[in-house]
Amino acid sequence: MRDETLNQQLLAWYDRHAREMPWRVPPAERAKGVLPDPYRVWLSEVMLQQTTVAAVKSYFEVFTRLWPTVSDLAAAEDADVMAAWAGLGYYARARNLLKCARAVVADHGGQFPSDPAGLLSLPGIGPYTCAAISAIAFDAPETVVDGNVERVMSRLHAVTEPLPASKPQLTALAAALTPAQRPGDYAQAVMDLGATICTPRSPACGICPWSAPCKARAQGIAAELPKKTPKKPKPTRYGTVYLARRADGAWLLETRPDKGLLGGMLGWPGSDWAEDSPPSAPPFPADWRDAGAEVRHTFTHFHLILTVKLAEAPMGTNPTTGEWQRLAPASLPTVMRKAYDLAASVLPPH
DNA sequence: CATTCGTGGTG
DNA sequence: TCACCAAGAAT
């Protein structure tokens, strides 16, 4: 079957089954020449990196309400943006989001560049996000290659070589299918197909618009693709956090360094996290007591078990690290919020 | 090319 | 319970 027939079949399917999203312009509107605001496309695409649509929606609403334009975002305080991102994960995205917004204002007059090279040079914009903005916001014939596209292409063409080694081949196959007309709709169509029909575990081949030409389906191996190289097992690390509440209700918090895990986010003072429970000293002398339970949390590449120590501090207490501040628990990354929830359930109400 | 970097849903 | 997975980028 010709590539032109394949992508037209997918576009016809998308015209009837496109998912509605807050950042998306539906195909009927795009047919009239309406394109989405590049700022909203960029913001949604960065949020969607390795993150589900369901998780992103509420964050997108908050961000666009607080910062309706890229200039608004560029002028925001770092701490406010990091707090708004809290809970979404991969916090380097939020740091790069601010860097990118400020670069767009400083170097591009507050308008996102429309050329791929210009987009690719911006912080936090890699090959996928560059192609997505180009195709969706500017209707340029760029090819998006995300996890959905890798899965769809590996099945359509029965590519059995495991990822990531097969990525160049899958990219070439995807590029060959990208149409000159409606590339933005097409990019979103492939991803919708992967998200709703050509799913990882049990693909709905019976209702797939590409069922007939799909080689993996013909061979009965669709659900087994794409093959992936096995992952390393996750070690378990241990650590201790110190949660102190002052008499006025303030908590002792520190802003973590920009580099590394949870970079730039609020956190509790404590030990490093290592496989052999590292020793640590509390941030001030007090009657530290155990919270009575541990916090368990799993990151991308290790499990964490945290010991939680609690203290109530009088006014005037001088810690060796961190600073006393009023706390909005929602501004904490999830692992830190788990420790807070435990403390709040143990300490007497303030 | 391999590693680092979060979180919540799911089977 | 737990590994897998989601619209990846930076190093």
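This is a short dialogue on how to read a predicted model of a protein chain with two DNA strands.

Biologist: What should I know about numbering and confidence before I start?

Modeller: Residues are numbered from 1 along each chain as its sequence is written, while chains are lettered from A and ligands numbered from 1 in the order in which they are written. The model is predicted: local features need pLDDT of at least 70, side-chain atom pairs count only at pLDDT 80 or more, and totals for chains, interfaces and linings use all residues.

Biologist: Which domains does chain A have?

Modeller: Domain bounds come from an automatic or database domain assignment. Here the assignment gives domain 1 (3-224) and domain 2 (236-346). Their centres, taken over C-alpha atoms, are 36 Å apart.

Biologist: How many residues of each domain are in contact?

Modeller: Contact means that the C-beta atoms of two residues, placed from the backbone, lie within 7 Å. By that rule, 7 residues of domain 1 touch 10 residues of domain 2. On the domain 1 side, α6 (78-85) and α7 (92-108) each give two or more residues. That side has 5 nonpolar, 1 polar and 1 charged residues.

Biologist: What do the element names and the residue classes mean?

Modeller: Elements are DSSP runs numbered from the N terminus: helices are H or I with at least four residues, strands are E with at least two. For classes, Ala, Val, Leu, Ile, Met, Phe, Trp, Tyr, Cys and Pro count as nonpolar, Asp, Glu, Lys and Arg as charged, and the others, Gly among them, as polar.

Biologist: Which residues come closest to DNA strand B?

Modeller: A residue is near a strand if its C-beta atom, placed from the backbone, lies within 6 Å of it. Strand B is surrounded by 23 residues, and the closest are Gly 89, Tyr 91, Thr 300, Pro 333 and Thr 334. Both β4 (289-298) and α14 (334-346) supply at least two residues of this surface. Its classes are 11 nonpolar, 10 polar and 2 charged.

Biologist: And which residues come nearest to DNA strand C?

Modeller: There are 30 residues around strand C, with Leu 48, Gly 126, Tyr 128, Thr 129 and Asp 146 nearest. Two or more residues each come from α3 (38-47), α9 (127-138), α10 (147-156) and α12 (183-196). The largest share, 4 residues, is from α9. By class, the surface near strand C has 12 nonpolar, 12 polar and 6 charged residues.

Biologist: At what angle do α3 and α9 pack?

Modeller: Two packed helices are described by the angle between their axes and the distance between the axes. Axes are lines fitted to C-alpha atoms, for helices over the stretch in contact, and angles run from 0 to 180 degrees between N-to-C directions. For α3 and α9 the angle is about 145°, with axes 10 Å apart.

Biologist: Is their crossing left-handed or right-handed?

Modeller: A crossing is left-handed if the near helix is turned anticlockwise from the far one by less than a right angle, and right-handed if clockwise. This one is right-handed. From α3, Pro 38, Val 41, Trp 42, Glu 45 and Val 46 meet Thr 129, Ala 132, Ile 133, Ile 136 and Ala 137 of α9. This contact divides into 8 nonpolar, 1 polar and 1 charged residues.

Biologist: How do I read the strand pairs around β5?

Modeller: Two strands pair if DSSP finds at least two bridges between them. Strand β1 (residues 236-246) runs parallel to β5 (residues 303-313), joined by 11 bridges. There, Leu 243 stands opposite Leu 310. By contrast, β4 and β5 run antiparallel, with 7 bridges. Glu 294 faces Thr 307 of β5. β4 and β5 form a hairpin with 4 residues between them.

Biologist: Which strands pair with β2?

Modeller: Antiparallel β6 (residues 323-325) joins β2 (residues 251-255) by 3 bridges. Leu 253 has Glu 323 as its bridge partner. β3 (residues 266-267) also pairs with β2 in the antiparallel sense, over 2 bridges. In that pair, Glu 254 stands opposite Gly 267.

Biologist: Where are the cis peptide bonds?

Modeller: One joins Leu 163 and Pro 164, with omega about 0°. Pro 164 lies in the loop between α10 and α11 (167-177). Another runs from Leu 225 to Pro 226, with omega near 0°. Pro 226 sits in the loop between α13 (215-219) and β1.

Biologist: What is the phi of Gln 50?

Modeller: Gln 50 has a positive phi of about 60°, although it is not a glycine. Its place is the loop between α3 and α4 (53-66).
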